[in-house]
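This report walks through one model, element by element. Have the sequence and coordinates open while reading.

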Amino acid sequence: MKKVILDVDTGIDDAIGIMLAVKSEALDVVGITTVSGNVSLETATINTAKILDLLDDKKTPIFAGAAKPLTRNPHFEHRVHGEDGIGGALKGVATNREIQEQSAVDFIRTQVMNAPGDITLIMTGPLTNLAEAVQQYPEIISAVKEVVFMGGVVKGVGNVTPVAEYNMFADPEAASIVFEAGFHSLTQVGLDVTRSALLKDEHIDHIQNPVLQDYVRTSTATYRNSYFERNGVWACAMHDPLAVAIAIDAELVKTEWLHVTMETNSTYCDGQTICDFQNRLGHPANMHVCLELDEARFFDLFLKLLNA
Ligand code: BDR
Ligand code: CA
């Protein structure tokens, strides 16, 4: 089993990513860390707890992390994820789940240094927690097995600005620190592939557990509606679940080993991931960039995990 820490800003797709990770027999989720992003840190943490309750999970600890980006003000995404971040699907549901006292950053450090070369980090929100961990405990950089993050777009257009994807736009300074840190293995799961991971009714119909099926249908309703208004298709992208799935099965995507830089100081382009396909800058490659997705294989795994 691959030992992973999942770092989330629990919105609609993070929540489904948590389900895949916790239900997977290939992953041992040693803890979930939360971060401000789609919603406030507090809401992201409560949503994470509610999702673990829904899964009847008794063992996965939750650690709260950064309450705001490194230097910027939070940019919440209630427009996409709803007031509560999960499309109102668990409105009125309370949780008594305990949140750990240790901070997300200290938890990451402890786990990584106790098991050098063993821990995979799956990041599905802004990269603030990992950037802070790198700044405070640089010894983790060489001890992390791999980092898989959802964020950015290298060939297409952004989903917050014309050029920036949300997780990168929300904390570009953090992304820049992570990109330049020098991790052995950094994999970018950007909109180039996540936009092909489109959840449709036909997938939801195949979720066997009625509680999970109802949850996924309800939580994604407004998300799918806004995609319909823009694209004319009743669907929504499984950005974060795809990052989890790639940590389980790297063969889901074709990647290239390239240098990617984060823009942090521009009027129009902050949060843009600039990918040097032709190595014009002469910098060494720093990440595996996902460029093509086997959609059928992804949804086979997606349903297998939700039905496990
Ligand atoms: C990413 O931004 C968030 O709104 C989603 O949860 C996902 O992590 C997609 O751009
Ligand atoms: Ca997210």
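## Burial and helix H12

A residue counts as buried if 20 or more other C-beta atoms lie within 10 Å of its own, and as exposed if 12 or fewer do. The model is predicted. With that cut-off, helix H12 (residues 221-231) has the buried residues Tyr223, Arg224 and Tyr227. Down the axis of H12, these buried residues fall within an arc of 95°, so they line one face of the helix. An α-helix has 3.6 residues a turn, so residues three or four places apart point the same way.

The other side of H12 carries Asn225, Ser226 and Glu229, which are exposed. What do the buried residues of H12 pack against? Their partners are H1, helix H3 (78-81) and strand S8 (235-237). Gly232 comes just after H12 and takes a positive phi of about 75°.

## The open sheet

The model has an open sheet of 8 strands. Its order is S3-S2-S1-S4-S5-S6-S12-S9, and the pairing is mixed. Which are the edge strands? They are S3 and strand S9 (253-258), and each pairs on one side only. On average, neighbouring strands of this sheet are turned by 25° against each other, direction ignored.

Helix H4 (residues 104-114) packs on the sheet. H4 touches strand S1 (2-8), strand S2 (27-34), S3 and strand S4 (119-123). The direction of H4 makes about 155° with that of S2.

## Strand S6 and its neighbours

Strand S5 (residues 146-150) and strand S6 (residues 186-189) pair in the parallel sense, over 4 bridges. Val147 has Leu186 in S6 as its bridge partner. Phe149 stands opposite Gln188, also in S6.

S6 also runs parallel to S12, joined to it by 2 bridges. Here Thr187 has His288 in S12 as its bridge partner.

Are the faces of S6 covered or open? Both are covered. Leu186 and Gln188 lie on one side, Thr187 and Val189 on the other, and all are buried. Three of these names recur in the pairings: Leu186 is the bridge partner of Val147, Gln188 stands opposite Phe149, and Thr187 has the bridge partner His288.

## Around ligand 1

There are 14 residues around ligand 1. Which of them come nearest? They are Gly11, Asp13, Tyr166, His239 and Asp240. Three elements give two or more residues to the shell: helix H1 (12-23), helix H7 (166-170) and helix H13 (239-248). H1 thus appears again, as it is also among the elements that the buried residues of H12 pack against.

By class, the shell has 3 nonpolar, 6 polar and 5 charged residues.

## Positive phi in two loops

Two residues deserve a check of their backbone. Asp56 has a positive phi of about 55° although it is not a glycine. Asp56 sits in the loop between helix H2 (41-54) and strand S3 (62-64). Is Asp56 buried or exposed? Asp56 has 8 other C-beta atoms within 10 Å, so it is exposed.

Asn279 is not a glycine either, yet has a positive phi of about 50°. Its loop runs between strand S11 (273-275) and strand S12 (287-293). Asn279 has 11 other C-beta atoms within 10 Å, so it too is exposed.

Key. Residues numbered from 1 in each chain as written. Chains lettered and ligands numbered in written order. Predicted model: local features only at pLDDT ≥ 70, side-chain atom pairs only at ≥ 80, totals over all residues. Near = placed C-beta within 6 Å. Nonpolar A, V, L, I, M, F, W, Y, C, P; charged D, E, K, R; others polar. Arc of directions from axis to C-beta. Contact = placed C-beta atoms within 7 Å. Pairing = 2+ DSSP bridges. Axes fitted to C-alpha atoms, helices over the stretch in contact; angles between N-to-C directions.
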